[in-house]
Amino acid sequence: MSAMTTRLTTAFTPTQLDIIDESHLHIGHAGAQSGKGHYALTITSEAFAGKSRLQCHRMIYQALGELMQDNIHALSIKINT
């Protein structure tokens, strides 16, 4: 989670950033067996002002880069401006 926090903070300078590891809720799930995590993200940043939800999600995925393939199985995102 620290790599996620660093990347999102660098990219968006958020006024709020909460990442909750919900992996324990998915034990036995096929995606959980790969060792990748399930996370809930709440982020508030002016960087998202005027953007559609799809644009914001794409920005977040880009900021997280290879973590989306290597470390994250599922990511729930709540965005505020």
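## Exercises on two helices and a sheet

The axes of helices H1 and H2 come within 9 Å of each other, crossing at roughly 125°. Keep in mind as you work that this is a predicted model.

### Exercise 1: The helix pair

Classify the crossing of H1 and H2 as parallel, antiparallel, perpendicular or oblique, then describe the contact between H1 and H2.

**Solution.** Start from the angle, which is roughly 125°. Perpendicular covers 65 to 115 degrees and antiparallel begins over 145, so H1 and H2 are oblique to each other. The handedness comes next: the crossing of H1 and H2 is right-handed. Now look at who makes the contact: H1 supplies Met4, Arg7, Leu8, Ala11 and Phe12, while H2 supplies Met59, Ile60, Ala63 and Leu64. Sorted by character, the residues of this contact are eight nonpolar, no polar and one charged.

### Exercise 2: The sheet

Work out the strand order of the open sheet, and find which strands stand at its edges.

**Solution.** The sheet has three strands in the order S1-S2-S3, and the pairing is mixed. Strand S1 (16–21) and strand S3 (72–80) each have a single partner strand, so they stand at the edges, with one side of each left without a neighbour in the sheet. On average, neighbouring strands are turned by 15° against each other, direction ignored.

Take the two pairings in turn. S1 pairs with strand S2 (residues 37–44) in the antiparallel sense, over six bridges. Two bridge partners let you check the register: Gln16 goes with Thr44 of S2, and Ile19 goes with Leu41 of S2. On the other side, S2 and S3 run parallel and are joined by eight bridges. Here Gly37 stands opposite Ile72 in S3.

### Exercise 3: Helices against strands

Decide which strands helix H2 (residues 53–64) lies across, and whether S2 is mostly covered or mostly open.

**Solution.** Helix H2 lies across S2 and S3, running at about 130° to S3. As for S2, seven of its eight residues are buried, leaving this strand mostly covered.

### Exercise 4: One histidine

Is His57 buried or exposed, and what does His57 touch?

**Solution.** First place the residue: His57 is found in helix H2. Its relative accessible area is 18%. Buried means under 20%, so His57 counts as buried. Finally, leaving out residues up to four places away in sequence, His57 touches Ile77 and Ile79.

Notes:
Residues are numbered from 1 along each chain as its sequence is written. This is a predicted model: local features need pLDDT of at least 70, side-chain atom pairs count only at pLDDT 80 or more; totals for chains, interfaces and linings use all residues. Side-chain values use heavy atoms; hydrogens and water are left out. Two strands pair if DSSP finds at least two bridges between them. Helices (H or I, at least four residues) and strands (E, at least two) are DSSP runs, numbered from the N terminus. Axes are lines fitted to C-alpha atoms, for helices over the stretch in contact, and angles run from 0 to 180 degrees between N-to-C directions. Contact means heavy atoms within 4.5 Å. Buried means under 20% relative accessible area, exposed over 50%, partly exposed in between (1.4 Å probe, protein chains only). Angles under 35 degrees count as roughly parallel, over 145 as roughly antiparallel, 65 to 115 as roughly perpendicular and the rest as oblique. A crossing is left-handed if the near helix is turned anticlockwise from the far one by less than a right angle, and right-handed if clockwise. Ala, Val, Leu, Ile, Met, Phe, Trp, Tyr, Cys and Pro count as nonpolar, Asp, Glu, Lys and Arg as charged, and the others, Gly among them, as polar.
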